[in-house]
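The following exercises are to be worked with the sequence and the coordinates at hand. Each task is followed by a solution in steps.

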Amino acid sequence: MLTVHHLRLSQSERIVWLCEELGIDYEVKLYTRRTDNNLAPDEYKALHPMGIAPVITDGDFVLGESGAIMDWIIAQYGDRGLVPTKDHPDFADHLFFYHWANATFMTNGMMALVAGRMVQGGEMPPFVADRNAKGWGIVEKRLGEADYFGGSQLTTADIMMGFQLTTSRAMSGMGIEGMPNLQAYLKRIGERPAYQAAMAKAEPGMPPKLD
């Protein structure tokens with residue numbers, strides 16, 4: 001049985017959402033963050049050498065890293081239209097945002113978070129603030145060009161992007177006033193039955209941050 005080990009308030013929610021969109025048979029095991037340092041409990045850290053979310057198991061098989069997990073699940077269970085083929089007009093855009101989500105966009109956010117906590121007064125260094133602002137600018141621009149990051153329909157690029165746009169913002173308190181394209185996009189995402197089911201399993205009792 002495929003098991004998604006979900007550390008609450010973490011990017012492993014992506015994998016729960018993917019499984020719901022695919023309609024596959026799986027189970028979710030929830031882990032709560034420690035109260036002393038807000039990190040993963042020892043039980044979660046023991047699952048994988050990195051000790052961070054996400055992690056899946058399938059029998060004796062163990063795999064970490066969001067993109068690797070998503071690629072593995074797609075290879076095992078099929079994509080159900082969530083991955084454009086190489087001759088599809090959306091293929092390049094899908095590829096860009098699928099990889100940009102973690103390689104740049106989420107990295108910018110983590111850099112801003114750490115810098116804000118380390119610098120006296122909580123002000124980000126100019127180059128960090130600039131990179132972060134450029135990232136959110138790309139998000140708003142893209143969603144004015146297409147309904148989804150991957151193009152005309154939802155793809156795994158959207159599932160990769162979702163955490164930073166929703167749960168991560170809930171933790172940081174960032175608002176999206178003045179970003180009407182993103183607001184409309186999150187409304188579309190929030191209306192998806194698979195997303196609703198995923199968040200009910202991943203974060204029970206916590207409404208998704210969609211505004």
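**Exercise 1. Determine what share of the residues is buried, and describe the overall dimensions.**

Step 1. Of the 211 residues of the protein, 46% are buried, where buried means under 20% relative accessible area, exposed over 50% and partly exposed in between, with a 1.4 Å probe and protein chains only. The model is a predicted one, in which local features need pLDDT of at least 70 and side-chain atom pairs count only at pLDDT 80 or more, while totals for chains, interfaces and linings use all residues. Residues are numbered from 1 along each chain as its sequence is written, and side-chain values use heavy atoms, with hydrogens and water left out.

Step 2. The radius of gyration is 17 Å, which agrees with the value near 17 Å for a compact globule of 211 residues; this radius is taken over C-alpha atoms, and the globule rule is 2.2 Å times the number of residues to the power 0.38.

Step 3. Along the principal axes, the C-alpha atoms fill a box of roughly 50 × 45 × 30 Å.

Step 4. The accessible surface is about 10,500 Å², and 56% of this surface belongs to carbon and sulfur atoms; the areas come from the Shrake-Rupley method with a 1.4 Å probe, and for residues only the protein chains shown count as cover.

**Exercise 2. Establish the order of the secondary structure elements and the range of the contacts.**

Step 1. The protein has 9 helices and 4 strands, which are DSSP runs numbered from the N terminus (helices: H or I, at least four residues; strands: E, at least two).

Step 2. Read from the N terminus, the order is β-α-β-α-β-β-α-α-α-α-α-α-α.

Step 3. Contact means heavy atoms within 4.5 Å. Among contacts between residues at least 6 apart in sequence, 65% join residues at least 24 apart.

**Exercise 3. Identify the residues at the centre of the contacts in the largest nonpolar core, and the elements that supply this core.**

Step 1. A nonpolar core is a set of buried Ala, Val, Leu, Ile, Met, Phe, Trp, Tyr and Cys residues joined through side-chain atoms within 4.5 Å. The largest has 44 residues, of which Ile56, Ile73, Val139, Leu165, Leu182 and Tyr185 touch the most other members.

Step 2. Elements that each supply at least two residues of this core include strand 1 (2–7), helix 4 (91–118), helix 5 (126–145) and helix 8 (180–190). Helix 1 gives the most, with 6 residues.

Step 3. Beyond its neighbours within four places in sequence, Val139 is in contact with Trp100, Phe105, Phe149, Met161, Leu165 and Leu182.

Step 4. Another core, of 6 residues, lies apart from it; Leu7, Tyr31, Ala40 and Tyr44 are among them.

**Exercise 4. Characterise the surroundings of Thr3.**

Step 1. Thr3 belongs to strand 1 and counts as buried because its relative accessibility is 8%.

Step 2. Val28 is 25 residues from Thr3 in sequence, yet their C-alpha atoms are 5.7 Å apart.

Step 3. With neighbours within four places in sequence left aside, Thr3 is in contact with Glu27, Lys29, Val55, Ile56 and Thr57.

**Exercise 5. Which peptide bond is cis, and which residues other than glycine have a positive phi?**

Step 1. The bond from Ala53 to Pro54 is cis, with omega near 5°. Pro54 is in the loop between helix 2 (42–45) and strand 3 (55–58).

Step 2. Asn38 has phi near 65° and is in the loop between strand 2 (27–31) and helix 2. Asn38 counts as partly exposed because its relative accessibility is 46%.

Step 3. Glu65 has a phi of about 85°; its loop runs between strand 4 (61–64) and helix 3.
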